[in-house]
Amino acid sequence: MATLFRGHVAEEDTFIPLEGEQPLPSGEDILVSLSVFEENLDMLRSRNSGRLGVLLEAGEELESLSQHLDLIDLIGLDFPSFADGRSFSKARLLKERYGFAGEVRATGDIRIDQVGHMRRCGFDTMLITHAPTVKSLTEIKDPALFVHYQPALQRPGAAGERATGPRAWTRRTA
């Protein structure tokens, strides 16, 4: 069972994951794989109700979605294992390079040690199955990050950062 978190708040996931040849329901929020998105682009474009989400596996490229971001309300980025960090870069690219204004969601093998980094890279929500991580987030016990090697994605209302120490690239959260 997975729990959807926005910050420390657990919330209901309204997106229905669709796989394979399932019919596309109308009026529902749906989450499809990249291949289902590409195969049904015309049908998805003509949907007039319900939100659309696309789940990218770690090895899939963002470029195939870049021309269609206006259709997509949510992009899920998979973490197939704790050691696979490719989706961190994709989240940052979505927000900074492509200007994606929709929700960016982390899915897969998410551990508490990654949560602070995910927030800094632009993830809005996290769909978490790891029970100790769910417990820590519910109890607001995630580790805080104060010193960083790269600037955070700037968001409205975010705390500023300043350079720190002899290394110009390190930052400290204000």
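The numbered points below comment on a predicted model of a single protein.

1. Overall composition. The protein contains five helices and eleven strands. Of its 174 residues, 41% count as buried. Among contacts with a separation of 6 or more, 47% are between residues 24 or more positions apart.

2. The largest nonpolar core. This core holds 36 residues, and those touching the most other members are Phe37, Leu65, Ile72, Ile75 and Phe123. Helix H4, spanning residues 112-121, gives the most to the core, with four residues. For leucine 65, once residues up to four places away in sequence are set aside, the residues touched are Leu34, Phe37, Val54, Leu56, Ile72 and Ile75. Phe37, Ile72 and Ile75 therefore appear both among the core members with the most partners and among the residues that leucine 65 touches.3. Helix H4. Seven of the ten residues of H4 are buried, and the helix is mostly covered. The buried residues are Ile112, Gln114, Val115, Gly116, Met118, Arg120 and Cys121. The list includes charged Arg120. Directly after the helix comes glycine 122, with a positive phi near 115°.

4. Isoleucine 112. This residue lies in helix H4. Isoleucine 112 has a relative accessibility of 18% and counts as buried, because the cut-off for that class is under 20%. Its C-alpha atom is 8.9 Å from that of histidine 130, and the two residues are 18 apart in sequence.

5. Helix H3. In H3, the buried residues are Ser87, Phe88, Lys90, Ala91, Arg92, Leu94 and Lys95. Their cover includes strand S6 (74-79), strand S7 (103-108) and H4. Serine 89 also has its place in this helix, which runs over residues 86-96, but serine 89 is partly exposed, at a relative accessible area of 45%. Between the C-alpha atoms of serine 89 and cysteine 121 the separation is 7.5 Å, with their positions 32 residues apart along the chain. Cysteine 121 is one of the buried residues of H4, and H4 is part of what covers the buried residues of H3.

6. Helix H5. Which residues of helix H5 (residues 131-138) are buried? They are Thr133, Val134, Ser136 and Leu137. Viewed down the helix axis, these buried residues fall within an arc of 165°, so they line one face of H5. The face turned away from this buried side carries the exposed residues Ala131, Lys135 and Thr138. Packing against the buried residues of H5 are strand S1 (3-6), H4 and strand S8 (125-128). H4 thus recurs in the surroundings of both helices, as part of the cover of H3 and as a packing partner of H5.

7. The segment after H5. Just beyond H5, isoleucine 140 adopts a positive phi of about 55°. Glutamate 139 is found in the loop that links H5 to strand S9 (147-148). With a relative accessibility of 35%, glutamate 139 counts as partly exposed. Glutamate 139 and valine 9 are 130 residues apart in sequence, while their C-alpha atoms are 9.9 Å apart in space.

8. Serine 26. This residue is in the loop between strand S3 (15-17) and S4. Serine 26 is exposed, with a relative accessible area of 63%. Beyond its neighbours within four places in sequence, serine 26 is in contact with Arg47 and Ser49. The C-alpha atoms of serine 26 and glycine 50 are 6.7 Å apart, and the two residues are 24 apart in sequence.

9. The second largest pocket. Its volume is about 160 Å³. Lining this pocket are Pro17, Leu18, Glu19, Leu31, Val32, Ser33, Leu55, Glu57 and Glu60. Strand S4 (residues 29-33) supplies the largest share of the lining, three residues. By class, the lining has five nonpolar, one polar and three charged residues.

Methods
Residues numbered from 1 in each chain as written. Predicted model: local features only at pLDDT ≥ 70, side-chain atom pairs only at ≥ 80, totals over all residues. Heavy atoms only, no water. 1 Å grid on protein atoms, 1.4 Å probe; cavity = no way out; pocket = protein on both sides within 12 Å on 5 of 7 lines; lining within 4 Å. Points joined across faces, edges and corners; volume = space filled by probe spheres on them. Helix = DSSP H or I, 4+ residues; strand = E, 2+ residues; numbered from the N terminus. Core = buried A, V, L, I, M, F, W, Y, C linked by side-chain atoms within 4.5 Å. Buried < 20%, exposed > 50% of the residue type's maximum accessible area, 1.4 Å probe, protein only. Contact = heavy atoms within 4.5 Å. Arc of directions from axis to C-beta.
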